[in-house]
Amino acid sequence: MTYKKSWSEESRAGAVQGVPIAFGYMPVALTFGLIAATTGLTFIEAVMMSIVVFAGAAQYMALTMIALQSSAAEIVFSTFVVNLRHVLMSASIKERADHSSKTMRALYGFFLTDEVFAVASVKEAPIKAPYILGVGVVAYSSWVVFTGVGFYAGAILPDVMQESMGIALYALFIALLIPSVKSQGASVMVLAVLGGGFHLILQQWLSTGWAIMGATILAVCVYEGIDQMRRVSNDK
């Protein structure tokens, strides 16, 4: 009885903390659903992508690559590289979370987006698994539901506005970049410039998907190399 009560309280507390994330996801999910419709995905395909992937930046990138007719392998490997940071986030949360089964850890690991990680990680350790699940399920529900709403919302827009939604994709990537630049400084902008530069070079010989993946890896490696050299120089 005590365990059931604790589970209920923790999951409810997490759900409350997940509400602001759910509101934040609404416009992004609506836009994703709308662009998915204009890209040519069916309703089932768009909603299933949100159900299975649940990663905003990766899903938007996948839409771009689908529009450019990239292969499935290119899309899978590119989204894998983009989402590698989730390995570190999962490891960090696991160290601060209360002991739970492998199934439970895998379950709350699935819901661990940047925003869910940020909210869960500020809670005092040990973090209960139901709390993380509460935050994640509310955020996840908003993302999936408003993907479907956005898909059908596009149908009531004039053709001109539907065609112009391709520009919204680039605007969204800029909107994702600016908060990171504000919170983490010039390093994010340097990485973005390096990634863009490498992509311009690699796309001369590679298809879009492989060029994006190669540019991402090269940008991170070059930036890390420059940062290590700067640290060694400062220590002398």
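A residue counts as buried when its relative accessible area is under 20%, as exposed when that value is over 50%, and as partly exposed in between. Keep that in your pocket, and remember that this is a predicted model.

Let's try the rule on G56. With 27% relative accessibility, G56 falls in the middle group, so it counts as partly exposed. You'll find G56 in helix α3, which covers residues 56–67. Now look for A29: 27 residues separate it from G56 in sequence, yet the two C-alpha atoms are 8.0 Å apart in space.

**The whole chain**

What kinds of secondary structure does the protein chain have? There are eleven helices and zero strands. If you walk along from the N terminus, you meet α elements one after another: α-α-α-α-α-α-α-α-α-α-α. The protein chain has 236 residues, and 34% of them count as buried. Contacts also link distant parts of the sequence: among those between residues at least 6 apart, 74% join residues at least 24 apart.

**Three residues, one rule**

Here is how the accessibility rule sorts three residues worth finding on screen.

| Residue | Relative accessible area | Class |
|---|---|---|
| F54 | 4% | buried |
| H86 | 16% | buried |
| G56 | 27% | partly exposed |

F54 sits in the loop between α2 and α3. Its backbone has a quirk: phi is positive, about 50°, although F54 is not a glycine. The side of F54 open to a probe is small in number terms, at 4%, so this residue counts as buried.

**H86 and its partners**

H86 is part of helix α5, residues 85–96. Is H86 buried or exposed? Its relative accessible area is 16%, and because the cut-off for buried is under 20%, H86 is buried. Which residues does H86 touch, once neighbours within four places in sequence are left aside? They are L112, T113 and D114. With L112 there is also a polar link: the H86 side chain reaches the backbone oxygen of L112 at 3.0 Å.

**How α5 meets α7**

One of those partners, D114, takes us to helix α7, which runs over residues 114–121. The axes of α5 and α7 are 11 Å apart, and the angle between the helices is about 20°. Angles under 35 degrees count as roughly parallel, and α5 and α7 are therefore roughly parallel to each other. Their crossing is left-handed. On the α5 side, R85, H86, M89, S92, I93 and R96 take part, and they meet D114, F117, A120 and S121 of α7. Sorted by class, this contact has four nonpolar, three polar and three charged residues.

**How α2 meets α8**

Now turn to helix α2 (residues 43–52) and helix α8 (residues 129–153). This pair packs at an angle of about 160°, with axes 9 Å apart. Since angles over 145 degrees count as roughly antiparallel, α2 is roughly antiparallel to α8. The crossing of α2 with α8 is right-handed. From α2 come F43, A46, V47, S50 and I51, and they meet Y140, W143, V144, T147, G148, F151 and Y152 from α8. How many charged residues are in this contact? There are no charged ones, while nine are nonpolar and three are polar.

Technical notes
Residues are numbered from 1 along each chain as its sequence is written. This is a predicted model: local features need pLDDT of at least 70, side-chain atom pairs count only at pLDDT 80 or more; totals for chains, interfaces and linings use all residues. Side-chain values use heavy atoms; hydrogens and water are left out. Helices (H or I, at least four residues) and strands (E, at least two) are DSSP runs, numbered from the N terminus. Buried means under 20% relative accessible area, exposed over 50%, partly exposed in between (1.4 Å probe, protein chains only). Axes are lines fitted to C-alpha atoms, for helices over the stretch in contact, and angles run from 0 to 180 degrees between N-to-C directions. Angles under 35 degrees count as roughly parallel, over 145 as roughly antiparallel, 65 to 115 as roughly perpendicular and the rest as oblique. A crossing is left-handed if the near helix is turned anticlockwise from the far one by less than a right angle, and right-handed if clockwise. Contact means heavy atoms within 4.5 Å. Ala, Val, Leu, Ile, Met, Phe, Trp, Tyr, Cys and Pro count as nonpolar, Asp, Glu, Lys and Arg as charged, and the others, Gly among them, as polar. A polar contact is a pair of N or O atoms within 3.5 Å; within protein, one must be able to donate a hydrogen and the other to accept it, and residues adjacent in sequence count only if both atoms are side-chain atoms.
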